[in-house]
Amino acid sequence: MDNKGEIQNQIIQAVETVRRTNPLAGSITNTVTMNFVANAQLAVGGSAAMVYLPDEGEFLAKVGGAAYINMGTLLPIYEETLPHTAKVLYETGKPWVLDPVAIGIGALRTQLLQQFKAYKPSVVRGNASEIIALAGLWGLDGGTEVSNVRGVDSRDSVNAAKAGAVALAKWTGGAVAVSGETDLITDGDLIVFSQGGSHFMEKITGFGCSLGGVTAVYATVASPFIAALTAAGVYNLAGKRAANKVDAPGSFQVRFLDELYKATAEDIANNPLEIEAV
Ligand SMILES: Nc1ncnc2c1ncn2[C@@H]1O[C@H](COP(=O)(O)OP(=O)(O)O)[C@@H](O)[C@H]1O
Ligand SMILES: Cc1ncsc1CCOP(=O)(O)O
Ligand SMILES: [Mg+2]
(Lines give C-alpha, C1' and ligand atoms only; values in the text may rest on other atoms or scores of the structure.)
(Ligands and ions follow the chains in the order given, each with its own letter.)
Protein backbone atom coordinates (compact mmCIF):
# COMPACT_ATOMS: atom_id res chain seq x y z
CA MET A 1 0.00 0.00 0.00
CA ASP A 2 2.03 2.98 -1.22
CA ASN A 3 -0.78 5.28 -2.24
CA LYS A 4 -1.33 8.18 0.15
CA GLY A 5 -4.96 8.58 -0.95
CA GLU A 6 -5.65 4.90 -0.21
CA ILE A 7 -4.06 5.20 3.24
CA GLN A 8 -6.15 8.31 3.95
CA ASN A 9 -9.35 6.51 2.88
CA GLN A 10 -8.57 3.66 5.22
CA ILE A 11 -7.92 6.10 8.08
CA ILE A 12 -11.35 7.68 7.46
CA GLN A 13 -12.95 4.22 7.51
CA ALA A 14 -11.20 3.33 10.78
CA VAL A 15 -12.28 6.55 12.54
CA GLU A 16 -15.88 6.31 11.36
CA THR A 17 -16.25 2.60 12.09
CA VAL A 18 -14.99 3.06 15.64
CA ARG A 19 -17.39 5.94 16.25
CA ARG A 20 -20.29 3.93 14.85
CA THR A 21 -19.60 0.60 16.59
CA ASN A 22 -18.01 1.53 19.98
CA PRO A 23 -15.59 -1.47 19.96
CA LEU A 24 -14.01 -2.85 23.13
CA ALA A 25 -10.23 -2.97 23.49
CA GLY A 26 -9.35 -4.32 26.94
CA SER A 27 -6.11 -3.34 28.64
CA ILE A 28 -3.58 -4.54 31.14
CA THR A 29 -1.79 -1.28 31.73
CA ASN A 30 0.09 0.70 34.33
CA THR A 31 -1.49 2.22 37.40
CA VAL A 32 0.05 5.66 36.76
CA THR A 33 -1.89 6.47 33.59
CA MET A 34 -4.75 3.97 33.49
CA ASN A 35 -7.45 6.61 33.80
CA PHE A 36 -6.02 8.69 30.96
CA VAL A 37 -5.77 5.58 28.74
CA ALA A 38 -9.44 4.75 29.33
CA ASN A 39 -10.61 8.34 28.76
CA ALA A 40 -8.64 8.65 25.51
CA GLN A 41 -10.13 5.35 24.28
CA LEU A 42 -13.62 6.62 25.09
CA ALA A 43 -12.98 10.02 23.47
CA VAL A 44 -12.23 8.43 20.07
CA GLY A 45 -15.36 6.26 20.33
CA GLY A 46 -14.03 3.03 21.80
CA SER A 47 -14.89 1.10 24.94
CA ALA A 48 -12.33 0.51 27.72
CA ALA A 49 -11.84 -2.14 30.43
CA MET A 50 -8.76 -2.62 32.60
CA VAL A 51 -7.87 -5.83 34.47
CA TYR A 52 -5.00 -7.41 36.43
CA LEU A 53 -5.80 -11.12 36.80
CA PRO A 54 -4.96 -14.03 34.45
CA ASP A 55 -8.52 -15.28 33.85
CA GLU A 56 -9.72 -11.70 33.36
CA GLY A 57 -6.98 -11.03 30.78
CA GLU A 58 -8.08 -14.14 28.94
CA PHE A 59 -11.72 -13.04 29.14
CA LEU A 60 -10.99 -9.61 27.66
CA ALA A 61 -8.76 -11.14 24.97
CA LYS A 62 -11.71 -13.25 23.88
CA VAL A 63 -14.55 -10.71 24.07
CA GLY A 64 -12.67 -7.63 22.86
CA GLY A 65 -11.86 -6.80 19.26
CA ALA A 66 -8.22 -6.19 20.24
CA ALA A 67 -6.19 -5.75 23.43
CA TYR A 68 -3.47 -3.57 24.91
CA ILE A 69 -0.58 -4.67 27.10
CA ASN A 70 1.51 -1.93 28.69
CA MET A 71 4.44 -2.91 30.94
CA GLY A 72 4.65 0.32 32.95
CA THR A 73 4.08 -0.83 36.53
CA LEU A 74 4.47 -4.58 36.92
CA LEU A 75 2.90 -6.56 39.76
CA PRO A 76 3.84 -10.13 40.81
CA ILE A 77 0.60 -11.51 39.33
CA TYR A 78 1.69 -10.25 35.90
CA GLU A 79 4.21 -13.06 35.69
CA GLU A 80 1.12 -15.20 35.09
CA THR A 81 -1.34 -12.70 33.56
CA LEU A 82 0.78 -11.25 30.77
CA PRO A 83 2.12 -14.39 29.00
CA HIS A 84 -1.24 -16.11 29.47
CA THR A 85 -3.15 -13.21 27.88
CA ALA A 86 -0.61 -12.72 25.08
CA LYS A 87 -0.74 -16.44 24.26
CA VAL A 88 -4.54 -16.37 24.02
CA LEU A 89 -4.38 -13.27 21.80
CA TYR A 90 -1.80 -14.87 19.52
CA GLU A 91 -3.56 -18.23 19.30
CA THR A 92 -6.97 -16.66 18.59
CA GLY A 93 -5.51 -14.28 16.00
CA LYS A 94 -6.69 -11.24 17.96
CA PRO A 95 -4.77 -8.02 17.30
CA TRP A 96 -2.84 -6.72 20.26
CA VAL A 97 -0.67 -3.71 21.01
CA LEU A 98 2.46 -3.89 23.15
CA ASP A 99 4.02 -0.85 24.85
CA PRO A 100 7.37 -2.00 26.32
CA VAL A 101 7.49 0.88 28.80
CA ALA A 102 10.66 1.10 30.86
CA ILE A 103 12.31 -1.87 29.15
CA GLY A 104 15.55 -2.61 30.97
CA ILE A 105 14.24 -2.14 34.52
CA GLY A 106 14.14 -5.36 36.54
CA ALA A 107 14.30 -9.07 35.78
CA LEU A 108 10.55 -9.71 35.44
CA ARG A 109 10.12 -7.02 32.76
CA THR A 110 12.98 -8.51 30.75
CA GLN A 111 11.65 -12.05 31.12
CA LEU A 112 8.12 -11.07 30.05
CA LEU A 113 9.29 -9.03 27.08
CA GLN A 114 11.44 -11.96 25.95
CA GLN A 115 8.38 -14.23 26.10
CA PHE A 116 6.35 -11.81 23.95
CA LYS A 117 8.67 -12.36 20.99
CA ALA A 118 6.84 -15.62 20.22
CA TYR A 119 3.39 -14.05 20.57
CA LYS A 120 4.07 -11.42 17.87
CA PRO A 121 2.25 -8.25 18.94
CA SER A 122 0.31 -6.73 16.02
CA VAL A 123 1.58 -3.27 16.93
CA VAL A 124 4.64 -2.45 19.01
CA ARG A 125 4.37 1.13 20.23
CA GLY A 126 7.03 2.91 22.17
CA ASN A 127 9.38 5.83 22.33
CA ALA A 128 12.65 5.58 20.41
CA SER A 129 14.79 4.14 23.21
CA GLU A 130 12.16 1.50 24.02
CA ILE A 131 11.93 0.38 20.38
CA ILE A 132 15.72 0.14 20.06
CA ALA A 133 15.96 -1.83 23.31
CA LEU A 134 13.17 -4.26 22.33
CA ALA A 135 14.83 -4.93 18.97
CA GLY A 136 18.03 -5.63 20.94
CA LEU A 137 16.31 -7.93 23.43
CA TRP A 138 14.78 -9.90 20.58
CA GLY A 139 18.15 -10.14 18.79
CA LEU A 140 16.99 -8.16 15.75
CA ASP A 141 18.75 -5.61 13.54
CA GLY A 142 18.86 -2.04 14.80
CA GLY A 143 18.75 -3.00 18.47
CA THR A 144 21.22 -2.51 21.29
CA GLU A 145 21.95 -5.00 24.02
CA VAL A 146 21.69 -2.47 26.83
CA SER A 147 18.57 -0.32 27.20
CA ASN A 148 19.18 3.41 26.86
CA VAL A 149 15.77 4.21 28.38
CA ARG A 150 15.88 6.65 31.33
CA GLY A 151 13.04 5.35 33.52
CA VAL A 152 10.16 5.72 31.06
CA ASP A 153 11.76 8.42 28.89
CA SER A 154 13.59 8.22 25.58
CA ARG A 155 17.20 9.27 25.18
CA ASP A 156 17.33 8.53 21.44
CA SER A 157 15.97 10.28 18.37
CA VAL A 158 13.06 8.78 16.46
CA ASN A 159 15.31 8.37 13.41
CA ALA A 160 17.80 6.34 15.44
CA ALA A 161 15.04 3.78 15.99
CA LYS A 162 14.26 3.37 12.28
CA ALA A 163 16.23 0.15 11.69
CA GLY A 164 14.96 -1.44 14.91
CA ALA A 165 11.37 -0.50 14.07
CA VAL A 166 11.62 -2.03 10.59
CA ALA A 167 13.21 -5.21 11.98
CA LEU A 168 10.49 -5.56 14.64
CA ALA A 169 7.74 -5.07 12.05
CA LYS A 170 9.30 -7.69 9.78
CA TRP A 171 9.46 -10.12 12.71
CA THR A 172 5.85 -9.62 13.86
CA GLY A 173 4.33 -9.13 10.42
CA GLY A 174 2.46 -6.18 11.96
CA ALA A 175 3.34 -2.53 12.51
CA VAL A 176 5.69 -0.57 14.76
CA ALA A 177 5.07 3.01 15.91
CA VAL A 178 7.89 5.12 17.34
CA SER A 179 6.72 8.30 19.05
CA GLY A 180 8.51 11.61 19.47
CA GLU A 181 8.34 15.12 18.06
CA THR A 182 7.63 13.46 14.69
CA ASP A 183 6.22 9.92 14.85
CA LEU A 184 7.51 7.07 12.69
CA ILE A 185 5.18 4.22 11.75
CA THR A 186 6.28 1.23 9.68
CA ASP A 187 4.88 -2.08 8.45
CA GLY A 188 8.35 -3.25 7.42
CA ASP A 189 7.87 -2.11 3.80
CA LEU A 190 6.81 1.52 4.14
CA ILE A 191 7.82 4.16 6.65
CA VAL A 192 5.39 6.96 7.40
CA PHE A 193 6.29 10.12 9.31
CA SER A 194 3.32 11.71 11.07
CA GLN A 195 3.68 15.32 12.19
CA GLY A 196 1.98 17.52 14.75
CA GLY A 197 1.45 17.25 18.47
CA SER A 198 2.94 19.57 21.05
CA HIS A 199 5.85 19.86 23.46
CA PHE A 200 3.22 19.81 26.23
CA MET A 201 2.84 16.08 25.51
CA GLU A 202 6.21 15.58 27.22
CA LYS A 203 4.98 17.43 30.30
CA ILE A 204 2.06 15.16 31.17
CA THR A 205 2.51 11.48 31.90
CA GLY A 206 0.53 9.04 29.81
CA PHE A 207 0.51 10.42 26.30
CA GLY A 208 2.50 7.42 25.07
CA CYS A 209 0.40 4.96 27.11
CA SER A 210 -2.89 6.42 25.96
CA LEU A 211 -1.65 6.47 22.36
CA GLY A 212 -1.14 2.72 22.71
CA GLY A 213 -4.65 2.26 24.10
CA VAL A 214 -6.15 4.28 21.25
CA THR A 215 -4.10 2.26 18.75
CA ALA A 216 -5.70 -0.90 20.18
CA VAL A 217 -9.16 0.64 19.69
CA TYR A 218 -8.42 1.27 16.00
CA ALA A 219 -6.88 -2.21 15.68
CA THR A 220 -10.34 -3.66 16.38
CA VAL A 221 -11.49 -2.38 12.96
CA ALA A 222 -8.35 -1.82 10.85
CA SER A 223 -5.03 -3.46 9.98
CA PRO A 224 -2.18 -2.91 12.46
CA PHE A 225 -0.51 -0.40 10.11
CA ILE A 226 -3.69 1.66 9.56
CA ALA A 227 -4.53 1.46 13.27
CA ALA A 228 -1.10 2.85 14.19
CA LEU A 229 -1.34 5.57 11.52
CA THR A 230 -4.84 6.58 12.59
CA ALA A 231 -3.85 6.80 16.24
CA ALA A 232 -0.74 8.85 15.41
CA GLY A 233 -2.83 11.12 13.17
CA VAL A 234 -5.51 11.88 15.75
CA TYR A 235 -2.88 12.41 18.49
CA ASN A 236 -0.86 14.79 16.36
CA LEU A 237 -3.94 16.71 15.25
CA ALA A 238 -5.53 16.95 18.70
CA GLY A 239 -2.18 17.87 20.29
CA LYS A 240 -1.61 20.68 17.81
CA ARG A 241 -5.14 22.04 18.26
CA ALA A 242 -5.06 21.82 22.05
CA ALA A 243 -1.73 23.65 22.18
CA ASN A 244 -3.26 26.55 20.27
CA LYS A 245 -5.89 26.99 22.98
CA VAL A 246 -3.97 26.70 26.27
CA ASP A 247 -0.66 27.75 27.80
CA ALA A 248 0.16 25.07 30.41
CA PRO A 249 0.18 21.26 30.74
CA GLY A 250 -2.78 20.69 33.08
CA SER A 251 -5.28 22.50 30.89
CA PHE A 252 -3.57 20.97 27.84
CA GLN A 253 -4.54 17.47 28.95
CA VAL A 254 -8.19 18.45 29.36
CA ARG A 255 -8.26 20.30 26.04
CA PHE A 256 -6.50 17.40 24.33
CA LEU A 257 -9.29 14.97 25.32
CA ASP A 258 -11.84 17.44 23.96
CA GLU A 259 -9.95 17.71 20.66
CA LEU A 260 -9.68 13.90 20.39
CA TYR A 261 -13.45 13.76 20.75
CA LYS A 262 -14.08 16.54 18.22
CA ALA A 263 -11.63 15.60 15.45
CA THR A 264 -13.38 14.63 12.21
CA ALA A 265 -12.31 11.61 10.18
CA GLU A 266 -11.31 13.87 7.25
CA ASP A 267 -9.22 16.15 9.45
CA ILE A 268 -7.43 13.13 10.95
CA ALA A 269 -6.73 11.67 7.50
CA ASN A 270 -5.44 15.07 6.30
CA ASN A 271 -3.00 15.50 9.18
CA PRO A 272 0.47 15.86 7.57
CA LEU A 273 2.21 12.58 6.77
CA GLU A 274 5.13 11.66 4.58
CA ILE A 275 5.64 8.21 3.09
CA GLU A 276 8.89 6.53 2.05
CA ALA A 277 9.83 3.00 1.07
CA VAL A 278 12.09 1.02 3.43
N1 LIG B 1 8.13 17.40 21.35
C2 LIG B 1 6.99 16.87 20.88
N3 LIG B 1 6.31 17.54 19.92
C4 LIG B 1 5.16 17.04 19.44
N5 LIG B 1 4.59 15.89 19.87
C6 LIG B 1 5.24 15.17 20.80
C7 LIG B 1 6.47 15.62 21.36
N8 LIG B 1 6.88 14.71 22.26
C9 LIG B 1 5.96 13.72 22.27
N10 LIG B 1 4.96 13.99 21.39
C11 LIG B 1 3.76 13.17 21.16
O12 LIG B 1 3.36 12.64 22.42
C13 LIG B 1 2.86 11.32 22.29
C14 LIG B 1 3.66 10.38 23.20
O15 LIG B 1 4.96 10.30 22.71
P16 LIG B 1 6.24 10.09 23.63
O17 LIG B 1 6.37 11.21 24.58
O18 LIG B 1 7.38 9.81 22.71
O19 LIG B 1 5.86 8.74 24.34
P20 LIG B 1 6.23 8.23 25.78
O21 LIG B 1 5.35 9.04 26.65
O22 LIG B 1 5.89 6.80 25.77
O23 LIG B 1 7.70 8.48 25.97
C24 LIG B 1 2.95 10.99 20.80
O25 LIG B 1 1.70 11.27 20.22
C26 LIG B 1 4.00 11.97 20.27
O27 LIG B 1 3.76 12.30 18.92
C1 LIG C 1 5.74 7.53 34.96
C2 LIG C 1 5.51 6.08 34.80
N3 LIG C 1 6.14 5.17 35.59
C4 LIG C 1 5.80 3.92 35.32
S5 LIG C 1 4.67 3.80 34.08
C6 LIG C 1 4.65 5.48 33.88
C7 LIG C 1 3.81 6.15 32.88
C8 LIG C 1 4.53 6.37 31.59
O9 LIG C 1 3.66 6.98 30.68
P10 LIG C 1 4.12 7.54 29.28
O11 LIG C 1 5.19 6.64 28.75
O12 LIG C 1 2.88 7.47 28.45
O13 LIG C 1 4.57 8.95 29.48
MG1 LIG D 1 5.81 5.52 27.29
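A residue is taken as buried if 20 or more other C-beta atoms lie within 10 Å of its own. In this predicted model, Gly-206 is therefore buried, with 23 other C-beta atoms within 10 Å. Gly-206 is located in the loop between β8 (190-194) and α8 (207-219). Apart from neighbours within four places in sequence, the contacts of Gly-206 are Val-32, Thr-33, Phe-36 and Val-37.

An unreviewed UniProt entry lists Gly-206 together with Met-50 under "binding site". Met-50 belongs to strand β2 (residues 47-50). Met-50 counts as buried because it has 20 C-beta neighbours inside 10 Å. When residues up to four places away in sequence are left out, Met-50 touches Ser-27, Thr-29, Met-34 and Ala-38.

The same kind of annotation, again from an unreviewed UniProt entry, is given for Arg-125 and Ser-179. These two positions are spread over 55 residues of sequence, yet they cluster in space, with a largest C-alpha distance of 7.6 Å. Arg-125 lies in strand β5 (residues 123-127), and Ser-179 in strand β6 (residues 175-179). Arg-125 has 33 C-beta neighbours inside 10 Å and is therefore classed as buried. Ser-179 is likewise buried, since 29 other C-beta atoms lie within 10 Å. Beyond residues up to four places away in sequence, Arg-125 touches Val-97, Asp-99, Ala-177, Leu-211, Gly-212, Thr-215 and Ala-228. With neighbours within four places in sequence set aside, Ser-179 is in contact with Asn-127, Gly-208 and Leu-211.

Two ligand environments were examined. Ligand 1 is surrounded by 18 residues, of which Asn-127, Ser-179, Gly-197, Met-201 and Gly-208 come nearest. Helices α8 and α9 are the elements that give two or more residues to this shell. By class, the shell around ligand 1 comprises four nonpolar, 10 polar and four charged residues. Around ligand 2 there are 13 residues, the closest being Asn-30, Val-32, Gly-72, Gly-208 and Cys-209. The shell of ligand 2 contains six nonpolar and seven polar residues, but no charged residues. Gly-208 is thus listed among the nearest residues of ligand 1 and among the closest residues of ligand 2.

In soluble globular proteins, nonpolar side chains tend to be buried together. In the present model, the largest nonpolar core has 93 residues, and those with the most contacts inside it are Ala-67, Ile-131, Tyr-218, Ala-228 and Val-234. Helix α9 (residues 224-243) supplies the largest share of this core, 12 residues. With residues up to four places away in sequence excluded, Ala-67 touches Ala-25, Gly-26, Ser-27, Leu-60, Ala-61, Thr-85, Leu-89, Lys-94, Trp-96 and Ala-216. One of these, Ser-27, is also touched by Met-50. Ala-228, one of the core residues with the most contacts, is touched by Arg-125.

Helix α7 (residues 162-172) is mostly covered, with eight of its 11 residues buried. The buried positions are Lys-162, Gly-164, Ala-165, Val-166, Ala-167, Leu-168, Ala-169 and Thr-172. The cover over the buried residues of α7 includes β5, α6 (128-137), β6, β7 (183-186) and β8. Strands β5 and β6, which hold Arg-125 and Ser-179 respectively, are thus among the elements that cover this helix. Following α7 is Gly-173, which has a positive phi near 80°.

Notes
Residues are numbered from 1 along each chain as its sequence is written. Chains are lettered from A and ligands numbered from 1 in the order in which they are written. This is a predicted model: local features need pLDDT of at least 70, side-chain atom pairs count only at pLDDT 80 or more; totals for chains, interfaces and linings use all residues. A residue is near a molecule or strand if its C-beta atom, placed from the backbone, lies within 6 Å of it. Ala, Val, Leu, Ile, Met, Phe, Trp, Tyr, Cys and Pro count as nonpolar, Asp, Glu, Lys and Arg as charged, and the others, Gly among them, as polar. UniProt positions are given in the numbering used here, feature names are shortened, and annotations may be inferred rather than shown by experiment. Helices (H or I, at least four residues) and strands (E, at least two) are DSSP runs, numbered from the N terminus. A residue is buried if 20 or more other C-beta atoms lie within 10 Å of its own, exposed if 12 or fewer, and partly exposed in between; C-beta atoms are placed from the backbone. Two residues are in contact if their C-beta atoms, placed from the backbone, lie within 7 Å. A nonpolar core is a set of buried Ala, Val, Leu, Ile, Met, Phe, Trp, Tyr and Cys residues joined through C-beta atoms within 7 Å.
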